[in-house]
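Me: I should like to learn how to read the features of a protein model. May we go through them one at a time?

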Amino acid sequence: ASLRTEFLGRQYENPFMNASGVHCLTIDELEELSNSKAGAFITKSSTEVEREGNPEPRYYSTPLGSINSMGLPNRGFKYYLDYVLDYQDKHPAANTPFFSVAGMSIDENLKLLRAIQDSAFDGVTELNLSCPNVPGKPQLAYDFEVTEELLSKVFSFFKKPLGVKLPPYFDFAHFDTAASILNKFPLAYVNCINSVGNGLYVDLETESVVIKPKNGFGGIGGEYVKPTALANVRGFYTRLNSSIKIIGTGGIRTGQDAFEHLLCGATMLQVGTELYEEGVSVFERLLHELEDIMNKKGYTSIDEFRGKLSSL
Ligand SMILES: O=C(O)c1[nH]c(=O)[nH]c(=O)c1Cl
C-alpha cells in the first residue's frame with residue numbers, strides 16, 4: 001500500500017506531521033522533524049514578540065494522554081519566518097514547512113498574516129484560533145462573530161493557502177454555525193482538533209494538581225480526546241465545501257487511530273501527545289502500522305477509503 005498524499009496541490013510521501021506546539025519550538029527540533037519520516041511538519045504557533053510562556057510545570061503526561069498549559073511560549077514570529085525562508089532556499093524540491101500563527105489580538109493576527117503575504121514564503125499557513133492556555137484570553141473560535149470578522153479581514157488581503165486550527169465543538173448547533181461561517185471563505189483546510197480545553201488532572205498521592213498555571217487547568221490531549229477529535233473531523237467533513245480539506249489531530253497513537261481519522265475524512269494527520277512521549281521515531285512506527293492495516297484490508301491507496309465511514 002502507498003501512503004502518498006496530495007494536499008493543496010502538493011505531493012507528500014505520507015499524511016503524518018507534528019501537531020503545532022509539539023517538537024517544533026526550536027530550529028533543532030524543526031530540523032529533527034525535517035529529517036524524520038514525517039511527511040510534513042509545522043512550526044510552533046508564533047506571536048510577534050518572543051514569549052516565555054507560563055511557569056513550569058506546564059506539561060504533564062498521563063497513562064492515557066497529556067495535560068498542558070504552556071501559555072504560547074515561542075521564539076517570536078521573525079525566528080520562524082527566517083527559518084522557513086531559509087528552508088525554502090536550502091530544500092527547493094521539498095515541501096516547505098507549514099507556518100502556525102497565534103496572534104494575541106485580531107490586529108496582531110492581521111499584522112503577522114500581512115507579513116507572511118508580503119514575504120517569499122510559499123508554504124501553507126495555519127491560523128491558530130484555539131489556544132486554551134493564555135490566562136484571560138478566551139478561545140477565538142468559540143466566539144463566532146469575532147471569528148467571522150477576523151476571517152473576512154484576513155481574506156481581504158491574504159491570498160496564500162490558509163487553514164485554521166479549531167478547538168473541539170460538542171454541539172451540532174455549533175458544528176452547523178461554525179461550518180456556515182467557514183464555508184463563506186476560501187479556506188484551504190480546517191484542522192480538528194486542538195486540545196480539549198481546561199481539563200483537570202489530579203495526583204492521588206500528593207492530592208494536588210500536576211501543572212502550575214491556572215490552578216492546574218489545561219488542554220487535554222491523547223487517548224482521552226480521540227472520540228471528540230473523530231466527531232469534529234467527521235462533523236466538518238460532512239458540512240464543509242469539498243474544497244476545504246480536513247487535517248485530523250487528536251488521539252493518534254497507532255496506525256489504527258490514523259486509519260479512523262482518514263475514514264472520517266481527514267487528509268493530513270497531526271500527532272501531538274504521542275510525538276511528545278515517543279520522539280520523532282513515532283512517525284516510522286505510525287506509517288508502518290497504517291500500511292499494515294491497509295494491506296490487510298486490501299487497500300492500495302488512502303483515496304480508496306478516505307471519508308468513507310459508513311452509518312448504520
Ligand atoms: O499553551 C499553548 O501554548 C498551547 N497549548 C495547546 O494545547 N494548544 C495551543 O494551541 C497552544 Cl498555543
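**Reading the surface and the strands**

Reply: Let us begin at the surface of this predicted model. L200, V202, V209 and F217 together make a nonpolar surface patch of about 320 Å².

Me: Where does V209 lie in the chain?

Reply: V209 belongs to strand β12, which spans residues 208–209.

Me: Why does V209 count as partly exposed?

Reply: Buried means under 20% relative accessible area and exposed means over 50%, with partly exposed in between. V209 has 32% relative accessibility and therefore counts as partly exposed.

Me: How should the two faces of a strand be read, and which residues lie on each side of strand β7?

Reply: In a regular strand, side chains alternate between the two faces of the sheet. In strand β7 (residues 125–128), T125 and L127 are on one side, while E126 and N128 are on the other. These four residues are all buried, and both faces of the strand are covered.

Me: How many bridges join strand β6 to β7?

Reply: Strand β6 (residues 99–101) runs parallel to β7 and is joined to it by three bridges. Within this pairing, V101 stands opposite L127 of β7. From β6 the chain passes through helix α3 (residues 106–117) to reach β7, in a β-α-β crossover that is right-handed.

Me: How many bridges join β7 to strand β8?

Reply: Four bridges join β7 to strand β8 (residues 162–166), and these strands run parallel. Here L127 stands opposite V164 in β8. The chain goes from β7 through helix α4 (residues 144–154) to β8, and this β-α-β crossover is right-handed.

Terms used
Residues are numbered from 1 along each chain as its sequence is written. This is a predicted model: local features need pLDDT of at least 70, side-chain atom pairs count only at pLDDT 80 or more; totals for chains, interfaces and linings use all residues. Side-chain values use heavy atoms; hydrogens and water are left out. Patches are made of residues with over 30% relative accessible area and no salt bridge: like charges are joined within 9 Å, nonpolar side chains (Val, Leu, Ile, Met, Phe, Trp, Tyr) within 5 Å. Accessible areas come from the Shrake-Rupley method with a 1.4 Å probe; for residues, only the protein chains shown count as cover. A salt bridge is a side-chain nitrogen of Lys or Arg within 4 Å of a carboxyl oxygen of Asp or Glu. Buried means under 20% relative accessible area, exposed over 50%, partly exposed in between (1.4 Å probe, protein chains only). Two strands pair if DSSP finds at least two bridges between them. A crossover is right-handed if, with the strands pointing away from the viewer, the path from the first strand over the helix to the second runs clockwise.
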